[in-house]
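Open the model in your viewer and keep the sequence panel beside it. The stops below say what to select and what is there.

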Amino acid sequence: MSAPINERSNLDLETPEKPYLDSNELIINMGPQHPATHGVLRVILKLDGEKVLGTECVIGYLHRGVEKIAENRTYTMFNPYVDRMDYVAAVSNGLGYCEAVEKLLNTEAPPRAKYIRVILTELNRIASHQLWLGTHALDIGAMTPLFYTFRDREEILKIFEKYCGARLTTHAFRIGGCQYETYAGFEKDVKNFLTFFAPKIDEYEALLTGNRIWLERTKNVGVISGADAIALGVTGPVLRASGVKWDLRKAQPYAAYSEFDFEIPTGENGDTFDRYMVRMIEMRQSMRIIEQAVNGIPEGPIMGKVPKVIKPPVGEIYHSIEAPKGELGYFIVSDGSTQPYRVRVRPPSFVNLQALDVMVRGMLVADVVAVIGTLDIVLGEVDR
Amino acid sequence: MAEEVKTPAPPPPPQPQPAKTGPSGGPEGEQKPTAEKPAAAAPAAPAKPAAPAAKPAAPAKPAGPVPMPWTSPLVEKYKGQYGSGLDAQTYLGQNYLSVDRSLIPDILRLLRDEEQFDYCVDITAVHYPKREKQFDVVWILYSFPRNERVRVKTQIADGASLPSSVSIWPTANWLEREVYDMFGIQFDGHPDLKRILLPDGWKGYPLRKDYGILQQDKEWVQINLGIESGQ
C-alpha cells in the first residue's frame, strides 16, 4: 500500500557550526514598570541562562529635585517635603529633619515632645516593616501575609490620623517640638495597639518562619558579608543581618532613645532569611520601646523655645537618625538667612540599593526579586 | 470619650494642653519682635566647655556658636605631617577637617587605613558661585570602632577634578556619580562616571546656584517627551 522507500534520506545530522542552543550571555531588562521592583526601579540583568552575571540599576524616574526645592523654601516650608521621600516612613523623615534644624539652632525639643516623637517614630517603624513584609512575601509567592500586614498596619495609620489628620505623609513634627498635643485617649489607643499587635507578629511568624517554601527561597539568598556591607555603606537591618551590631539609636542616641531599654537584633549569615528575622525582632523591640515611652510620657510643654521665623546662624551641620531602612542623614548649610543654603539628604535606600549587584551575582533571576524585596527600598527616597 | 473615664491618670494632660496650644502660639508671637535673640541666647548657654575661652572676644556679636579649633591626637599627628594644608575645627560638637585639594588623596586614605574611618557615610558638594574656588566638596566619614564622625572638606574651582575614592570606599561609586550629576564635578579614576538621577543627555547641573528652580533642559524635554517645555 505504501510506496516503497527507495530514496535515501538526505537528513544532515552533522553538528552545525553554530550550536542550536545559543550559549551567549543575555542582557535582559527588568522594569521600570515591573510589579516586583517596588516602584520605578529599572534593573539591567546580564544573564548566563538563569544565572545572574551582573546587574546595573537605572534610577531617577521619580527624581523631583527635593534638595533644590529646599534651597528655595524656608526651613519651615521645607518640612512637609521630607515626608514625600520615604513615604512609608514619613514620621522618621520628619524627625531627622526637625532634629537637624534644631541642632543647627542649637536647641532641643522638650522632653514631652521627645517622647511623643519616639512613640510615633517607632509606630512608623512597625508600619514600615509591615509593608515590607507583606510586599516581600508577595514577591516570593506567599500572598496571605500581605493581607495580614495591611490589616494590622491600618491600626497604626488610624492612630496617626487621629493624632495629626494624615495617614501617610503625616508632617507630625515641627522644628522645636510637636505641633499637636496628644488627643484624649492617645495613650489608651497606643496601649490597645500593643496588646492587639503582639499576637499578630506570632501569626506572621507562624505563616513564614518555619515554612519550607519560605526557607528555600530565603536561606543563602543574597548573602552579603559584614565587611562588604560596611565597605558599601549599607546600613539598617541589612547591615545588622550581616552581623554588625550597629544601630544609631544606641550608638549615637537622639530624641529620647537613651532612656529606653531595648535590644539590637543581629543575624549571622547575612542572607535574606536573616534580614527577615532581624526585622521581625525589630518590630518586637519597637513595641518594647513604645510601651516604655507611653508609660513614662512626661508632662510639660510640647514646643521648645524657637523663634517663629527660623534663622539659624551661619554654619553647617550633619545629623542622622536610624530610619526603618538605615541611616537617614541631613547635611544642612545655613548662610544665616531664612532659607537653607543647601540641604543634602543622605538616603538609606539609595546607598543600600548599590549593594544589589554584589548580592545577586551568581544567583538566579527569581532571587533578584527576593533581594530587591529584602533590601526594602522606597524609590521615592532613592530618587528624591 | 468613655475611654477617658476608665483611665483617669493619662487624660488630664491632654486636657490642659489643647488649651495651651492656643496660647503657645502667643508666646511665640511675643518673641517675634526679637526673633533673633532666642537663637543667639540659646547657643550661649550650652556653649560647650571649650567655648568660654573664646567667649570674651565673641559676645559683641550675637552670631551664635562659632567654629572652635579642634584638638585631638589625630589632628596633632596630621598637622605635624602636613602643616598648613590642614585645618581642624569643631562646630556644635561636630568635627571637620578643611584640607587643601592636593592633600585629599592622602588624607582620605590615611583616615581609612590608620584611623579606622571605615564607613563613608556621604559625599556631597556645596556651590558658592561668588568664590574663586566655587565648590566645597564634603566627605562625611564614620568609624565603627571609634563611634566617631568626621567631615573632610576641600575647595575646588569650577572645572577642576578630584581623585575618586571608590578604591577606598566602594560606596563612593554612586555618591560620586550623584555629585557629578548635580554639580558637574569630575572624579578622576571613577570606574563609570555618568549621570545617575537625571537622564543621560541632560544639559546643566541642577544643584549649582545659577540653575533656576524652574529651569529644565528644554531640548531634552522636547526630543524625548515630545512636548513643549511645561514651564
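Two residues count as being in contact if their C-beta atoms, placed from the backbone, lie within 7 Å. Axes are lines fitted to C-alpha atoms, for helices over the stretch in contact, and angles run from 0 to 180 degrees between N-to-C directions. Helices (H or I, at least four residues) and strands (E, at least two) are DSSP runs, numbered from the N terminus.

The model is predicted: local features need pLDDT of at least 70 and side-chain atom pairs count only at pLDDT 80 or more, while totals for chains, interfaces and linings use all residues. Residues are numbered from 1 along each chain as its sequence is written, and chains are lettered from A and ligands numbered from 1 in the order in which they are written.

**Chain A, whole**

Select chain A. It has 15 helices and eight strands, and its C-alpha trace spans about 105 × 50 × 40 Å along the principal axes. Of its 384 residues, 54% are buried; a residue is buried if 20 or more other C-beta atoms lie within 10 Å of its own, exposed if 12 or fewer, and partly exposed in between, with C-beta atoms placed from the backbone. Among contacts in chain A with a separation of 6 or more, 70% are between residues 24 or more positions apart.

**Stop 1: the sheet E1-E2-E3 of chain A**

Select residues 26-30 and 51-58 of chain A, which are strands E1 and E3. Add residues 42-48, strand E2. These make an open sheet of three strands in the order E1-E2-E3, with antiparallel pairing. E1(A) and E3(A) are at the edges with a single partner strand each, so one side of each has no neighbour in the sheet. Neighbouring strands here are turned by 25° against each other on average, direction ignored. Two strands pair if DSSP finds at least two bridges between them; E1(A) and E2(A) have five and run antiparallel. To find one of these bridges, pick Met30(A), whose partner in E2(A) is Val43(A). Now add residues 365-375 of chain A: this is helix H14, which packs on the sheet, touches E2 and E3 of chain A, and makes about 150° with the direction of E2(A).

**Stop 2: helix H3 of chain A and the sheet it crosses**

Select residues 90-104 of chain A, helix H3. Is this helix enclosed by the rest of the structure or not? H3(A) is largely enclosed, because 15 of its 15 residues are buried. Its expected span, 1.5 Å times one less than its number of residues, is 21 Å, and the end C-alpha atoms are 21 Å apart, which agrees. After H3(A) comes Asn106(A), with a positive phi near 60°.

H3(A) lies across E6 and E7 of chain A, at about 150° to E6(A). Show the open sheet of three strands to which these belong, ordered E6-E7-E8 with antiparallel pairing. Its edges are E6 (315-323) and E8 (342-346) of chain A, each with a single partner strand, so one side of each is left free of a neighbour in the sheet. The average turn between neighbouring strands of this sheet is 15°, direction ignored. E7(A), residues 326-334, pairs with E8(A) in the antiparallel sense over five bridges. Opposite Val333(A), look for Arg342(A) in E8(A).

**Stop 3: helices H4 and H5 of chain A**

Select residues 111-140 (H4) and 144-164 (H5) of chain A; the two helices pack at an angle of about 160° with their axes 9 Å apart. They are therefore roughly antiparallel (the term covers angles over 145 degrees). Residues in the contact include Leu123(A), Ile126(A) and Leu138(A) of H4(A), and Pro145(A), Phe150(A) and Ile159(A) of H5(A).

**Stop 4: strands E4, E5 and E6 of chain B**

Move to chain B and select residues 135-143 and 148-156, strands E5 and E6. E5(B) is mostly covered, with seven of its nine residues buried. E5(B) runs antiparallel to E6(B), joined by nine bridges, and pairs with E4(B) over eight bridges, also in the antiparallel sense. Centre on Phe135(B): His127(B) stands opposite this residue, and its bridge partner in E6(B) is Ile156(B).

E5(B) and E6(B) form a hairpin with four residues between them; in the turn, Asn147(B) has a positive phi of about 50°, although it is not a glycine. Asn147(B) counts as exposed because it has 11 C-beta neighbours inside 10 Å.

Last, select Gln116(B), in the loop between helix H6 (104-113) and strand E4 (119-127) of chain B. Its phi is positive too, about 65°, and it is not a glycine. With 14 C-beta neighbours inside 10 Å, Gln116(B) counts as partly exposed.

Terms used:
Angles under 35 degrees count as roughly parallel, over 145 as roughly antiparallel, 65 to 115 as roughly perpendicular and the rest as oblique.
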